[in-house]
Amino acid sequence: MNKPISQIGAAKPHVVVLGSNFGGLTAARLIREEAKETVDITVIDRKSYLVFIPNIPLEIFANQDPTKSLHMQFYSFLKEDHINFLQAEVNSIDPISRTVEITPNERPGSAVEKVHYDYLVIALGARLDYAAIPGFGEYGHTVSDCYYGNKLRRYLFNKEYKGGPIAIGCARFFMGKKGNPDWLHDMKAACEGPPLEISLGLTALLNEKKWGSAKNITLFTPGEYIAEDAGIPIVKQFLHMAVDEMGMNYINNTQDIKEITKDGIEFTNGQSVEAELKIVLPNWNPHSFMKQLPIVDEVGFVTTDLFMRNTDFPEIMAVGDAAALAAPKLGGIGDAQARIVARQIAKDMGVFHKPEEDKPFNPVIMCFGDMGHNKAFYIHSDLFYGGKTGILKMGYKYFMLKMGFKESYYMTGGKPPYWGIKLSEIIGD
Ligand SMILES: Cc1cc2nc3c(=O)[nH]c(=O)nc-3n(C[C@H](O)[C@H](O)[C@H](O)COP(=O)(O)OP(=O)(O)OC[C@H]3O[C@@H](n4cnc5c(N)ncnc54)[C@H](O)[C@@H]3O)c2cc1C
């Protein structure tokens, strides 16, 4: 069996982190910070850069290529931290033999290898299942990666857009229930901050270019309320502004997207909406190889306790979109979970001496959304989980905080200091 170079002849426990976007990169670097040199760390991802997904919409509406600005190379940061990086496709996990099967993917034709772990941190996100939406390939648009972002950018700025109606919303998310705490309620959409952000950013662009106005836009949601995870009072405030004041249209309880056609979107509840431009986010569907494992819920997300450890295999941890406890699917939630995982491993290694920071996962939504014209909205809420914080604010300051977060993320190589996140919260609130 192949061992990463650092493990050969070494007696240190081997931590393998699967995935190196928001969850995995931060987890790997924080494990090094907290556990110091007591462990060997290997990160495995199919690509050697992070995609800074939250800023794709604003780059698109500014007619800028996100591939240039939002692909962050992470190799040098891992090297600085003595973390091995393997560029490979993860094919499967065997919790019994504690091995991961990979195929190096820099060139096609590579042979399968096995990597042994003592700790496994799963941060593989999920499959954004556009392929499951009939008609998406031909008629759909989205902003969740640079490929699709640029496709939308071409549509808008190469004069393909004719000024017709625009539909923005999510397909149905299927969330598991197994092992969920009482405060984690079922959600019908995985991540509905983006539709709010896209609707406002696009309105600013329509106004500026004189292509239309908010009245062109229909927001839709499979649930009772769009972005219900922000808390109903906040959603009502948002809808009052977007629908009553700006003139957007709004459809709820669509259940799911049945089909995207040339002329619009048909929903499974029998309704439909006419649209020239259809911008959608799909179901977050766990990767197919995850679904058969003994560590996942009935859908395929990794079940964990509040310290992000699987209860049957406590050496397996999960962070970010791959974790059942990450609901909604938000990078900020993955960041909080990465901090917990790093402390758990440091604790096991006997090098974690900050018991006051050894706290279980306590979810909070914190989200900055672009509104165009250098403004952003800020949501800080735990209402969905039964808490009492519910803050929605808008203005230039929040746009600066959004951009500031990206800068600090790039400068620190995916390890923004906790005080920076806390400071954003204090300034935001
Ligand atoms: C348009 C949009 C806007 C958003 N805005 C915000 C926001 O403002 N704030 C916020 O907090 N969140 C936001 N989110 C959500 C955020 O992007 C995700 O929650 C976050 O990316 C999840 O991070 P992750 O590391 O868990 O998973 P991912 O980002 O999906 O990363 C998974 C990693 O695993 C790798 N991988 C997957 N499968 C394999 C495999 N089989 N083999 C090898 N490698 C593999 C991938 O290459 C990737 O690097 C937004 C999402 C979208 C779509």
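Domain bounds here come from an automatic or database domain assignment. On that basis, the protein is divided into domain 1 (5-126 + 286-357) and domain 2 (129-283). The structure is a predicted model, in which local features need pLDDT of at least 70 and side-chain atom pairs count only at pLDDT 80 or more, whereas totals for chains, interfaces and linings use all residues. Residues are numbered from 1 along each chain as its sequence is written.

The centres of the two domains, taken over C-alpha atoms, lie 29 Å apart. Contact (C-beta atoms, placed from the backbone, within 7 Å) links 24 residues of domain 1 with 27 residues of domain 2. On the side of domain 1 that touches domain 2, α2 gives the most, with six residues. Helices (H or I, at least four residues) and strands (E, at least two) are DSSP runs, numbered from the N terminus.

The ligand is surrounded by 34 residues, of which G19, N21, G23, G125 and G320 come nearest; a residue counts as near if its C-beta atom, placed from the backbone, lies within 6 Å. Each of the two domains gives at least three residues to this shell. The table sets out residue classes, with Ala, Val, Leu, Ile, Met, Phe, Trp, Tyr, Cys and Pro as nonpolar, Asp, Glu, Lys and Arg as charged, and the others, Gly among them, as polar.

| Residue set | Nonpolar | Polar | Charged |
|---|---|---|---|
| Shell around the ligand | 15 residues | 13 residues | six residues |
| Side of domain 1 that touches domain 2 | 16 residues | three residues | five residues |

An open sheet of three strands has the order β20-β21-β22, with antiparallel pairing, where pairing requires at least two DSSP bridges between two strands. Seven bridges join β20 to β21 (residues 375-381), and C367 has I379 in β21 as its bridge partner.

Technical notes. Two residues are in contact if their C-beta atoms, placed from the backbone, lie within 7 Å.
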